[in-house]
Amino acid sequence: MIYLILAAAVLVAVYLWVMNLPAFGSEPKGRRLQRIKQSGLYKNKRFQNINHTPSIAEGYSTIKVTYDFMLGKKHPLLKPLKDIPSVHTDLRNIQKNQDVFIWLGHSSYYLQTDGVSFLVDPVLSLYGSPFKYFNKAFKGSDVFTPEDIPDLDYLVITHDHFDHLDYPTVKAVKDRTGMAVVPLGVGAHLEKWGYSEENLIEEEWGAKVLLKNDLKITFTPARHFSGRKIKQNNTLWTSYVLETPTKKIFLGGDSGYDSHFKNIGEQFGPFDYAVLENGQYDEAWRYIHALPEDVIQAASDLKAEHIIPVHSSKFALALHPWNEPLQKITGLGKEKGLSILTPMIGEVVNMNQSHHSFREWWEA
């Protein structure tokens, strides 16, 4: 019995040590926690989606899904057989009057419009996890580092999962960041990492915030979940509507398909660009990660002129072939006559052009 007690004590000690590593951030507390408790989105000690959102879809077993993910046979193209094609654009030398979108891999991108710069969900370290040597980036997808990032007007975070909020990256760009835009509760992580409360724009769905140069950002719903520790959904997840004097852009974040896309399209659309998560999906996870056909429907609901799919081509977080998301979304886009923009990592998208052309680099 004494050995069982000692083993349990060791496990608890290891858990507490790991959970207190800087990468795991901080739980909301004090005034932030009181604000969370007052939110209409927070019920039963958790943030809630608009509609019921099970983590595993009907007809699937949590045990089997976990087994397949951890121990099941993997597709031979789960990871690319050679380097991902990419371009290392010098972000620091982009003129401030240029309106550009530059994908940095997975869900990370640099966006500049109307003289204002944004860095969204940056994960620029080599691993999409809190631990080194776990979930390593594909070769070729890792051409950008935090040192490549220029001075920023706004750092934008959609939720606090490790493949969207990367401690080394966010820590490294702190002194080059004017303000950070985060959903309610996520500010606790950034404050632990040295960001001051005065430099945080931390809101919940429905909040509208005026930014520099007459830009406006609105926190809008997504269908997902959150958490960097065992306790889940104590921070909020969000999408954003970015309105500028010249264009409207939807910044999607992780989301399963639901009615919120149509509601956002009716309230804010049409959009010039919609950046939508397309990748790291599974039929069993369809409520929290959209399938490619759901992405097409979401873009239609949003009334988007151009669709930029992200959330692929850097990490293997699902069991599909690494290039399947781009194959499927472009195929569906051609069937529907939609404008699907598929730049390589680092390739510049001129957001003032009406016509765009990119090669099918994932088939190379």
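A polar contact is taken here as a pair of N or O atoms within 3.5 Å, of which, within protein, one must be able to donate a hydrogen and the other to accept it. In the predicted model analysed here, a contact of this kind is made by the side chain of Thr 53, a polar atom of which lies 2.8 Å from the backbone oxygen of Asn 51. The side chain of Thr 53 also makes a polar contact, again at 2.8 Å, with the side chain of Arg 223. Thr 53 belongs to the loop that runs between strand S2 (46–47) and helix H3 (62–70). When neighbours within four places in sequence are set aside, the residues in contact with Thr 53 are Arg 223, Tyr 287 and Ile 288. The relative accessibility of Thr 53 is 19%, and the residue therefore counts as buried, the cut-off being under 20%.

Helix H7 was examined next. Eight of the 11 residues of H7 are buried, so the helix is largely enclosed by the rest of the structure. The buried set consists of Pro 292, Asp 294, Val 295, Ile 296, Ala 298, Ala 299, Asp 301 and Leu 302. Their cover includes helices H6 and H8 (324–336), together with strands S12 (248–251), S13 (271–277), S14 (304–310) and S15 (339–340). Just after H7, Lys 303 adopts a positive phi of about 60 degrees.

The packing of H7 (residues 292–302) against H6 (residues 260–268) brings the two axes within 7 Å, with a crossing angle of roughly 25 degrees. The two helices are therefore roughly parallel to each other, as angles under 35 degrees are classed in this way. On the H6 side, the contact involves Phe 261, Lys 262, Ile 264 and Gly 265, which meet Ala 298, Asp 301 and Leu 302 of H7. By class, this contact comprises four nonpolar residues, one polar residue and two charged residues. Ala 298, Asp 301 and Leu 302 are also among the buried residues of H7.

Aromatic side chains were considered last. Across the whole structure, 15 aromatic pairs are found. One aromatic pair, formed by Phe 118 and Tyr 154, is stacked, with 5.5 Å from centre to centre and 20 degrees between the planes. This pair links distant parts of the chain, since Phe 118 lies in strand S5 (residues 116–120) and Tyr 154 in strand S6 (residues 152–156), 36 residues apart. Phe 118 and Tyr 154 are both buried. In addition, Trp 103, Trp 322, Trp 361 and Trp 362 form one aromatic cluster.

Conventions:
Residues are numbered from 1 along each chain as its sequence is written. This is a predicted model: local features need pLDDT of at least 70, side-chain atom pairs count only at pLDDT 80 or more; totals for chains, interfaces and linings use all residues. Side-chain values use heavy atoms; hydrogens and water are left out. Axes are lines fitted to C-alpha atoms, for helices over the stretch in contact, and angles run from 0 to 180 degrees between N-to-C directions. Helices (H or I, at least four residues) and strands (E, at least two) are DSSP runs, numbered from the N terminus. Angles under 35 degrees count as roughly parallel, over 145 as roughly antiparallel, 65 to 115 as roughly perpendicular and the rest as oblique. Contact means heavy atoms within 4.5 Å. Ala, Val, Leu, Ile, Met, Phe, Trp, Tyr, Cys and Pro count as nonpolar, Asp, Glu, Lys and Arg as charged, and the others, Gly among them, as polar. Buried means under 20% relative accessible area, exposed over 50%, partly exposed in between (1.4 Å probe, protein chains only). Rings of Phe, Tyr and Trp (its six-membered ring) pair if their centres lie within 6.5 Å; planes under 30 degrees apart count as stacked, over 60 as edge-to-face and the rest as tilted.
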